[in-house]
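Work through the exercises below with the coordinates open. Each task is followed by a stepwise solution.

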Amino acid sequence: MEARCQCGAVQFKTPLPKPLALYICHCAECRRQTGSAFGTSAIFPCFQLPQTDLLSCYVRPTHSGHTLYCYFCQRCGTRLFHTTPGKSVVSVKGGCIEGLDWGTAIHIWTKSAMVPIPEGSETHSEELAGSDYGSVQESLDQPLTPADHPGPLVNSGGWSSPTPTPETKNLGRIEGACELSGI
């Protein structure tokens, strides 16, 4: 699937013709991140992130103590994807992808929803306890090596070590927020 930021400066292809799962998240963090009533995340197996000087990263802790790397275009500010080191999946922001089937979306954190959830949708009041991605689950369950996971991409497009930055080291955990980078 083709994906790009709003200005088109950062473009990439997803590794599969459709996501393993598609989530619409109604948690407060996703609402803040999108500036809207919800966030959307299409889950794909880890793949090489685009190498460009225009891709930057915002890092934050999650409510479970993981570190979430949130990538965006420096030119237009579009959030493109999230990764968590050691996880076998990448969350691509749904609005960046051409041709998604929105009818398959799973709504999570619905207890915080600001808009009505479509009737007949799969819903969860918080996030899912675990995920099963069907026939690819076995390959996703294999341990990752550094070569399998890109790790954090920082500002210049170069790879850095996953050591927490001083800005994020003391932030603590965020309560009531999803972890769509590695469900």
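## Exercise 1: Salt bridges

The side chains of Glu2 and Lys13 form a salt bridge, with N to O at 3.4 Å. The model is a predicted one. Task: place this pair in the chain, then find how many salt bridges the count comes to.

Solution.
- Step 1. Locate the partners. Glu2 sits in strand β1 (residues 2-4) and Lys13 in strand β2 (residues 11-13). The two are 11 residues apart, so the pair links distant parts of the chain.
- Step 2. Check accessibility. Glu2 has 43% relative accessibility and counts as partly exposed. Lys13, at 57%, counts as exposed.
- Step 3. Apply the cut-off: a Lys or Arg side-chain nitrogen within 4 Å of an Asp or Glu carboxyl oxygen. The count is 2 salt bridges.
- Step 4. Take Lys111 and Glu126. Their closest N and O atoms are 2.4 Å apart, and they form a salt bridge. Lys111 lies in the loop between β9 (106-108) and β10 (122-123), and Glu126 in the loop between β10 and α2 (137-140), so this pair ties together parts 15 residues apart in sequence.
- Step 5. Check accessibility again. Lys111 is exposed at 55%. Glu126 is partly exposed at 35%.

## Exercise 2: Cysteines

Task: state how many disulfides the structure holds, and explain why Cys27 is not bonded to Cys25.

Solution.
- Step 1. The number of disulfides is 0.
- Step 2. Start from the sulfur of Cys27. The closest cysteine sulfur belongs to Cys25, at 3.6 Å.
- Step 3. Compare with the cut-off. A disulfide needs the sulfur atoms within 2.5 Å. The Cys27 to Cys25 separation is too far for a bond.
- Step 4. Add burial. Cys25 is buried, with a relative accessible area of 0%. Cys27 is buried too, also with 0%.

## Exercise 3: Strand β3

Task: is strand β3 mostly covered or uncovered, and which strand pairs with it over 5 bridges?

Solution.
- Step 1. Count burial. β3 spans residues 21-25, and 5 of its 5 residues are buried, so the strand is mostly covered.
- Step 2. Recall the general pattern. Side chains in a regular strand alternate between the two faces of the sheet.
- Step 3. Split β3 by face. One side carries Ala21, Tyr23 and Cys25; the other carries Leu22 and Ile24. These residues are all buried, and both faces are covered.
- Step 4. Find the antiparallel neighbour. β3 pairs with strand β4 (residues 39-45) over 5 bridges. Leu22 has Ala42 in β4 as its bridge partner.
- Step 5. Find the parallel neighbour. β3 and β9 run parallel and are joined by 3 bridges. Here Tyr23 stands opposite Ile106 in β9.

## Exercise 4: Pro61

Task: where is Pro61 found, and is this residue buried or exposed?

Solution.
- Step 1. Pro61 belongs to strand β5 (residues 55-61).
- Step 2. Its relative accessible area is 11%, and Pro61 is buried.
- Step 3. Relate Pro61 to Thr84. They are 23 residues apart along the chain, with C-alpha atoms separated by 10.0 Å.

## Exercise 5: The largest pocket

Task: what volume does the largest pocket have, and which classes of residue line it?

Solution.
- Step 1. The volume is about 210 Å³.
- Step 2. The pocket has 14 lining residues. Closest to its centre are Gln33, Thr34, Thr40, Lys93 and Gly95.
- Step 3. Assign elements. α1 (28-34) and β4 each supply at least two lining residues.
- Step 4. Sort by class. The lining has 10 polar, 2 nonpolar and 2 charged residues.

Note on methods:
Residues numbered from 1 in each chain as written. Predicted model: local features only at pLDDT ≥ 70, side-chain atom pairs only at ≥ 80, totals over all residues. Heavy atoms only, no water. Helix = DSSP H or I, 4+ residues; strand = E, 2+ residues; numbered from the N terminus. Buried < 20%, exposed > 50% of the residue type's maximum accessible area, 1.4 Å probe, protein only. Pairing = 2+ DSSP bridges. 1 Å grid on protein atoms, 1.4 Å probe; cavity = no way out; pocket = protein on both sides within 12 Å on 5 of 7 lines; lining within 4 Å. Points joined across faces, edges and corners; volume = space filled by probe spheres on them. Nonpolar A, V, L, I, M, F, W, Y, C, P; charged D, E, K, R; others polar.
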